[in-house]
Amino acid sequence: PKPIIMDCDPGHDDAIAIFLAAGSPEVDIQAITTVSGNARIEHTTKNALIVAEMAGLRNVPVAEGAGEPLVRTAVTAPHIHGETGLEGPELPEPEKIVEGQHGVDLTAELLLHAEEPITLVPTGPLTNIAWLLKRYPGVKKNIKDIVLMGGGSYGNWTPAAEFNIYADPEAARIVFESGLPVTMAGLDLTHQALAGDEEKEFLRGAGTKAAAFTAELLDYFAGTYRSLFGFFAAPLHDACAAAFSINENVFSTEHLPVNVETSGTYTMGMTVIDSLQTTGKAPNVHVARDLNNDVFWSMLKKALERLP
Ligand code: BDR
Ligand code: CA
């Protein structure tokens, strides 16, 4: 199986991304690291422990990462994910305990000792990945690629900026300019992965505890998306990035120049996609385009069937 490291801020859709990867034999999760994002770091770490335990990832280390963005103060999204980041289902107290090592150090150590290059799957603000690249430049050669959820041609936090990029644009810029292969599952793509009632029942049909938990997550998540954005379904943003790390046929991509705006009166945190190649710059990002819904939903259901 292909080694991956998941860096996340669970987060309803982060939790589902973990379930998807945990139940997919094509990938081997080497570690889960956490970052401040949807909720404060103590919450996202606890949630990652709960979700990893529910996914049966007994031997996969969970390590806490950055609690603050590189240069800004943290923003959180309680109106979308609730105060704890994972509101809705009743949450068990995790038995699993967090590693003593910082998430960035653990990732660096895994990369330095890797037998084959590892794919990084960040589904929160990119703070940890930026720290990793700055503090441990030697690990780059052992990073196969970075498949992230973030950005897009429009925003959900501001008209121009998607939450993960807005929350730490300086970090995002470091990642986008790293020279590493980056695949960006932005909002244009993730808003095609809509879990409505039909999809929710389809997933529940997997019949496992993880499937029932997923359905409860979706009830809450769809509720906030309905009241905030008028959506009739919940977009499974982060699960799209996880899905691509498992199977590259799940969505199409276009290789384009992309810059991250770190200032700007109206556009801070925007991913500026040069779709018509006006800059003449070399492409640096594989921008996600069209989702194959059949592949996506069946991957997710099969994964949930394999979990406890
Ligand atoms: C992203 O922000 C968070 O709310 C989600 O977990 C996802 O990673 C969507 O903009
Ligand atoms: Ca997330």
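**Note on a predicted model: residue D188, the ligand shell and the core**

1. D188 is partly exposed, because 19 other C-beta atoms lie within 10 Å of its own, and a residue counts as buried if there are 20 or more. This residue, like everything else described here, belongs to a predicted model, and its place is in helix α8, which covers residues 187-190.

2. As for the surroundings of D188, once its neighbours within four places in sequence are left aside, the residues in contact with D188 are G152 and S153. A second point of reference is K302, which stands 114 residues from D188 in sequence and, from C-alpha to C-alpha, 25 Å from D188 in space.

3. The UniProt record, in an unreviewed entry, places the feature "domain: Inosine/uridine-preferring nucleoside hydrolase" at residues 4-297. In the model this span is 37% helix and 19% strand, and the C-alpha atoms at its two ends lie 21 Å apart.

4. Around ligand 1 there are 15 residues, of which G11, D13, F163, H237 and D238 come nearest. The elements that give two or more residues to this shell are α1 (12-22), α6 (163-167) and α11 (237-246). Sorted by class, the shell around ligand 1 holds seven polar residues, four nonpolar ones and four charged ones.

5. Helix α1, which was named above for the ligand shell, deserves a second look, since 11 of its 11 residues are buried and the helix is therefore largely enclosed by the rest of the structure. Among these buried residues are H12, D13 and D14, and also I16, I18 and L20.

6. Which residues touch the most other members of the largest nonpolar core? In this core of 100 residues they are I18, F19, L20, A21 and C240, while helix α10 (residues 209-229) gives the most to the core, with nine residues. For F19, leaving aside its neighbours within four places in sequence, the residues in contact are A55, A210, T214, A303, L304 and L307.

7. Is helix α7 largely enclosed or largely open? Six of the eight residues of α7 (residues 169-176) are buried, so this helix is largely enclosed by the rest of the structure. The buried residues are P169, A171, A172, I174, V175 and F176, and they pack against the helices α5 (127-135) and α6 as well as the strands β5 (143-149), β6 (182-185), β10 (258-260) and β12 (285-291).

Methods. Residues numbered from 1 in each chain as written. Chains lettered and ligands numbered in written order. Predicted model: local features only at pLDDT ≥ 70, side-chain atom pairs only at ≥ 80, totals over all residues. Near = placed C-beta within 6 Å. Helix = DSSP H or I, 4+ residues; strand = E, 2+ residues; numbered from the N terminus. Nonpolar A, V, L, I, M, F, W, Y, C, P; charged D, E, K, R; others polar. Buried ≥ 20, exposed ≤ 12 C-beta atoms within 10 Å, placed from the backbone. Contact = placed C-beta atoms within 7 Å. UniProt positions renumbered as here; feature names shortened; annotations may be inferred. Core = buried A, V, L, I, M, F, W, Y, C linked by C-beta atoms within 7 Å.
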